[in-house]
Amino acid sequence: VIKCKAAVAWGAGKPLSMEEVEVAPPKAHEVRIKIVATAVCHTDAYTLSGADPEGCFPVILGHEGAGIVESVGEGVTKVKKGDTVIPLYIPQCGECKFCKNPKTNLCQKIRITQGKGVMPDGTSRFTCKGKQIYHFMGTSTFSEYTVVADISVAKIDAAAPLDKVCLLGCGISTGYGAAVNTAKVEPGSTCAIFGLGGVGLAVIMGCKIAGASRIIGIDINKDKYAKAKEFGATECISPQDSKKPIQEVLVEMTDGGVDYSFECIGNVGVMRAALEACHKGWGVSVIVGVAAAGQEISTRPFQLVTGRTWKGTAFGGWKSVDSVPKLVTDYMSKKIKVDEFVTHTLPFDKINEAFELMHSGK
């Protein structure tokens, strides 16, 4: 058993608490990882807020991390002690019907236990003050050591800077993949991205790499426009600058609508606007943001009858174990940006400050 520091969420709506936790050794087909760097994501904040129907407490959150394998359980063959890895919230077992189908990346092998905050055998590897602590998204990167299933680990280039590539564990991969895998953006097309946070910027990057000629960024926070343009946005607009609904503004700006739109916020009203901003006959809108529990999307069926397509994406459609190492390689060879997404670097015990920075749009 390893004793280490972890940021524990004791209950919904409370700040994270720095605690000493015990991390049990990995069982069969499990890997214990020393986490070197982790990022914060709105998904962690969403669960912490209490809005997540799958949220359970007390829990160690975090799902964008990178580290070094400390030890492996029996039967683990893909990684060994000392390997550099990224933990994966969407695993890839290679055996379930989802993994065998090229159309999806949604491996279901450990979905049920992962959603309940436990390891595949139904138990936790974390304890604190004599209490069992739940796992989160199968990763729990807000701990100096974590235990994950062996199908939830990608072995990456040992030369990669972990304080950067940890972002490939969720946000960057999700946005970039939404453009290149889910939407399959084509050269010369017009795209609209709703929400210019980390995920939205990654979508812009994907659209640019795919050869889109017009990339419109949409956000009410104008402080985000300069960064969006750095990533490839050709123009940025705010829905608050017009009396008309944003979808009407976009349809007028683009002679009938955009070819591809992306919702990167998790707001069902914006999801509708993103679909309705698409061009009749061929427009595709991709939902990337996660809406709160119980919310529903709506539009007039005629929007779809007249040739628009509504899609969704999880982790950008990447088959995780296969793709994450390649994304790291693409970053190392400067094909994709990662460093530019990092705005602040804080010590682990300032994690609550990191959440405040995220909530304030900084």
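**Contacts, burial and a domain interface in a predicted model**

User: What makes the pair Thr299 and Glu276 a polar contact?

Analyst: In this predicted model, the side chains of Thr299 and Glu276 make a polar contact at 2.7 Å. The cut-off for such a pair of N or O atoms is within 3.5 Å, so a pair at 2.7 Å satisfies the distance criterion.

User: Where is Thr299 found, and which residues is Thr299 in contact with, leaving aside neighbours within four places in sequence?

Analyst: Thr299 is found in the loop between strand 15 (284–287) and helix 10 (301–305). With those neighbours left aside, the contacts of Thr299 are Arg272, Leu275, Glu276 and Trp310.

User: Why is Thr299 called buried?

Analyst: The relative accessible area of Thr299 is 19%. Buried means under 20%, therefore Thr299 is classed as buried.

User: Why does Ala160 count as buried, and where is its place in the chain?

Analyst: Ala160 has a relative accessibility of 6%, and because the limit for buried is under 20%, Ala160 counts as buried. Its place is in the loop between strand 10 (153–155) and helix 4 (162–165).

User: How do you know that Ala160 and Val328 are apart in sequence but in contact in space?

Analyst: Ala160 and Val328 are 168 residues apart in sequence, while their C-alpha atoms are 7.3 Å apart. The contact itself rests on heavy atoms within 4.5 Å, and Ala160 touches Val328 by that rule. Not counting residues up to four places away in sequence, Ala160 also touches Val165 and Met332.

User: Which domains does the assignment give, and how far apart do their C-alpha centres lie?

Analyst: The domain assignment gives domain 1 (2–169 + 319–352) and domain 2 (173–314). Their C-alpha centres lie 29 Å apart. The contact takes 15 residues from domain 1 and 16 residues from domain 2.

User: How much area do domain 1 and domain 2 bury between them, and which residues of domain 1 lose the most?

Analyst: Domain 1 and domain 2 bury about 1,200 Å² between them, with 66% of that area on carbon and sulfur atoms. In domain 1, the residues that lose the most area to domain 2 are Tyr46, Lys337 and Phe341, together 39% of what that side buries.

User: What is the class make-up of the side of domain 1 that touches domain 2?

Analyst: That side of domain 1 has 11 nonpolar, one polar and three charged residues. Tyr and Phe count as nonpolar and Lys as charged, so Tyr46 and Phe341 belong to the nonpolar class and Lys337 to the charged class.

User: How many salt bridges and how many residue pairs in polar contact are there between domain 1 and domain 2?

Analyst: The count of salt bridges between domain 1 and domain 2 is zero. Across the interface, five residue pairs are in polar contact, both residues being at pLDDT 80 or more.

Note on methods
Residues are numbered from 1 along each chain as its sequence is written. This is a predicted model: local features need pLDDT of at least 70, side-chain atom pairs count only at pLDDT 80 or more; totals for chains, interfaces and linings use all residues. Side-chain values use heavy atoms; hydrogens and water are left out. Helices (H or I, at least four residues) and strands (E, at least two) are DSSP runs, numbered from the N terminus. Buried means under 20% relative accessible area, exposed over 50%, partly exposed in between (1.4 Å probe, protein chains only). A polar contact is a pair of N or O atoms within 3.5 Å; within protein, one must be able to donate a hydrogen and the other to accept it, and residues adjacent in sequence count only if both atoms are side-chain atoms. Domain bounds come from an automatic or database domain assignment. Buried area is the accessible area (1.4 Å probe) that two parts lose on being put together, summed over both. A salt bridge is a side-chain nitrogen of Lys or Arg within 4 Å of a carboxyl oxygen of Asp or Glu.
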